[in-house]
Amino acid sequence: MPVQKRNKTVEPAENKKRGTSVKKSSPQQDSQRLWLKVVLPIITAAFFGLFVLWSSSTSEDFVTEVLAHQSETVQERFFEVPCSEDYDNHKIFAGCTPTKCGRALTDALITNEEAKTIQRLAERGLALGGSNGGASILDLHSGALSMGTHFVNMYRYFGDAIKDIFSEKDFQLYRDIRQRIQLAIAKSFGISSSNLYLTKPTFFSRMNSTAAKTTHDEYWHPHIDKVTYGSFDYTSLLYLSDYARDFGGGRFVFMDEGANKTVEPRVGRVSFFTSGSENLHRVEKVSWGTRYAITISFTCNPDHGIGDPSLT
C-alpha cells in the first residue's frame with residue numbers, strides 16, 4: 001500500500017523503476033486512438049462495399065471467352081450445354097422439343113450483300129418511326145413499329161403508302177433467309193425442319209446509345225427467352241452491322257455460371273440457340289454507333305406458329 005506523507009501519495013520503489021507504465025496518454029495519442037476507433041471502421045466498410053459492387057459488376061460484365069470475334073470468318077461452330085428443366089413445364093413435342101441443347105453460329109449462311117440488303121430494309125422501315133429511347137423495333141409480321149414512347153401498326157398507320165417503302169422482292173429475301181436459318185437449326189439440333197414453326201415476336205432491332213425513355217428501351221437486362229416468351233424453343237439472331245466498326249458495346253453475352261461468353265456481331269453472322277435457361281443471356285449497352293439485327297424465333301407447337309410476312 002502507498003505510504004501517506006504530508007497528504008501526498010508516495011509511489012512504491014518498484015513503480016518508480018517502471019514509471020513509464022503509469023504515464024497518462026497525451027492528448028495527441030488520445031486523438032489518434034479515437035480516429036482509429038471511429039474512422040477506420042467507416043473506411044473498412046466503404047472499401048468492402050466498393051468490393052461487393054465491383055464483384056457484382058464484373059460477374060455480369062466480365063467475359064471469359066469470345067465464341068466468335070468480329071474479325072474472323074466462322075464456317076460453323078456448335079457448343080453443347082446441358083438442357084435445363086424449362087421444357088418439362090411445357091407440352092413436349094417429340095422430334096422437336098430440345099433434348100440436345102446448346103448454341104451455334106455461322107458466317108456461311110447469309111452473304112454480306114444479302115445482309116446489307118436486309119439492313120437497308122430495316123433502315124427504311126424504322127425511318128417511319130423509331131423509339132425516343134435507345135431501342136427501336138420493326139416487326140414485319142404484325143406490323144409493330146416503335147413510335148416515340150409507344151408502338152403503332154405500320155400497315156394500318158401508313159396504309160397503301162407502305163408499298164412505297166418495301167417491295168415484294170425485299171419480303172421474298174426475308175422469307176428465304178428465314179428458311180435457311182430454320183434448316184440450319186434443324187440440322188444442328190438433329191430435328192426435322194418441318195416440325196419447326198416460326199413464332200412471334202420476330203423482329204428487327206435498332207440499338208444506339210440514347211438513354212432509355214421506357215422499359216421497352218432497356219434491352220440490356222439478363223433474360224431467358226423461354227420464360228419471357230413461352231412459345232420459344234429455338235432463338236436465332238442475324239446480325240446486320242459490325243461490332244467495333246459500326247458500334248461499340250452491344251455484344252451478345254451468354255451468362256454461364258462464373259464464365260460469361262460472348263458473340264461479337266458481324267454483318268451476315270447468324271447465331272442460334274435453345275431458348276431455355278441453359279442460355280441465359282443479355283446484350284451489352286451500346287456505347288456508340290448503331291447496332292442492327294433480326295431476331296427470328298421458332299416453336300415446336302403448331303398452335304403458336306405464324307406465317308411469313310407478305311405485301312400482297
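Two strands are taken as paired where DSSP finds at least two bridges between them. The legends below describe close-up views of a predicted model.

**Figure 1. The pairing of strands E13 and E16.** E13 and E16 run antiparallel and are joined by 3 bridges. Within this pairing, Val-253 lies opposite Arg-282 of E16. A salt bridge between the side chains of Arg-251 and Glu-284 has an N to O distance of 2.8 Å. This contact links distant parts of the chain, 33 residues apart: Arg-251 belongs to the loop between strand E12 (247-249) and E13, and Glu-284 to the loop between E16 and strand E17 (286-289). Arg-251 counts as buried at 15% relative accessibility, and Glu-284 is buried as well, at 13%.

**Figure 2. The open sheet that contains E14.** The sheet is open and consists of 4 strands in the order E3-E14-E13-E16, with mixed pairing. E3 and E16 (281-283) occupy the edges with a single partner strand each, so one side of each has no neighbour in the sheet. From one strand to the next, the twist averages 30°. Strand E3 (residues 63-68) pairs with E14 in the parallel sense over 4 bridges, and Val-66 stands opposite Thr-262 of E14. On the other pairing of E14, strand E13 (residues 252-254) is antiparallel to E14 over 3 bridges.

**Figure 3. Strand E14 and the hairpin that leads into it.** Strand E14 (residues 260-263) is covered on both faces. Asn-260 and Thr-262 are buried on one side, and Lys-261 and Val-263 are buried on the other. Lys-261 is the bridge partner of Phe-254. The hairpin of E13 and E14 has 5 residues between the strands, and Gly-258 in this hairpin takes a positive phi near 70°.

**Figure 4. Charged groups around Arg-103 and Lys-285.** Arg-103, Asp-256 and Lys-261 are linked in a network of salt bridges. Arg-103 also makes a contact with an aromatic ring: its charged end sits over the ring of Phe-254, 4.1 Å from the ring centre. In a second contact of this kind, the charged end of Lys-285 sits over the ring of Trp-220, at 4.4 Å from its centre.

**Figure 5. Helix H5 and its salt bridges.** Helix H5 (residues 168-189) has 22 residues, which at 1.5 Å a residue should span 32 Å; the end C-alpha atoms are 32 Å apart, in agreement with that expectation. Gly-190 follows H5 and has a positive phi, near 65°. The structure holds 12 salt bridges. One of them joins Arg-180 to Glu-114, with the closest N and O atoms 2.9 Å apart. This pair links distant parts of the chain, as Arg-180 is in H5 and Glu-114 is in helix H3 (residues 112-126), 66 residues apart. Arg-180 counts as partly exposed at 24% relative accessibility, whereas Glu-114 is buried with a relative accessible area of 18%. The side chains of Asp-308 and Arg-178 form another salt bridge (2.6 Å, N to O). Asp-308 lies in the segment after strand E18 (291-299) and Arg-178 in H5, so this contact ties together parts that are 130 residues apart in sequence. Asp-308 counts as partly exposed at 31% relative accessibility, whereas Arg-178 counts as buried at 11%.

**Figure 6. Aromatic pairs and a cluster.** The count of aromatic pairs comes to 12. The ring centres of Phe-189 and Phe-272 are 6.3 Å apart and the planes are at 65°; the pair is therefore edge-to-face, as angles over 60 degrees count as such. Phe-189 in helix H5 and Phe-272 in strand E15 (residues 270-274) are 83 residues apart, and their contact links distant parts of the chain. Both Phe-189 and Phe-272 are buried. The rings of Tyr-243 and Phe-247 are also edge-to-face, because their centres lie 6.2 Å apart and their planes are at 65°. Tyr-243 counts as buried at 17% relative accessibility, and Phe-247 counts as buried at 0%. One aromatic cluster is formed by Phe-78, Phe-189, Tyr-234 and Phe-272.

Technical notes: Residues numbered from 1 in each chain as written. Predicted model: local features only at pLDDT ≥ 70, side-chain atom pairs only at ≥ 80, totals over all residues. Heavy atoms only, no water. Buried < 20%, exposed > 50% of the residue type's maximum accessible area, 1.4 Å probe, protein only. Helix = DSSP H or I, 4+ residues; strand = E, 2+ residues; numbered from the N terminus. Expected span 1.5 Å × (residues − 1). Axes fitted to C-alpha atoms, helices over the stretch in contact; angles between N-to-C directions. Salt bridge = Lys/Arg side-chain N within 4 Å of Asp/Glu carboxyl O. Phe/Tyr/Trp six-rings, centres within 6.5 Å; stacked < 30°, edge-to-face > 60°. Lys NZ or Arg CZ within 6 Å of the ring centre and 35° of its normal.
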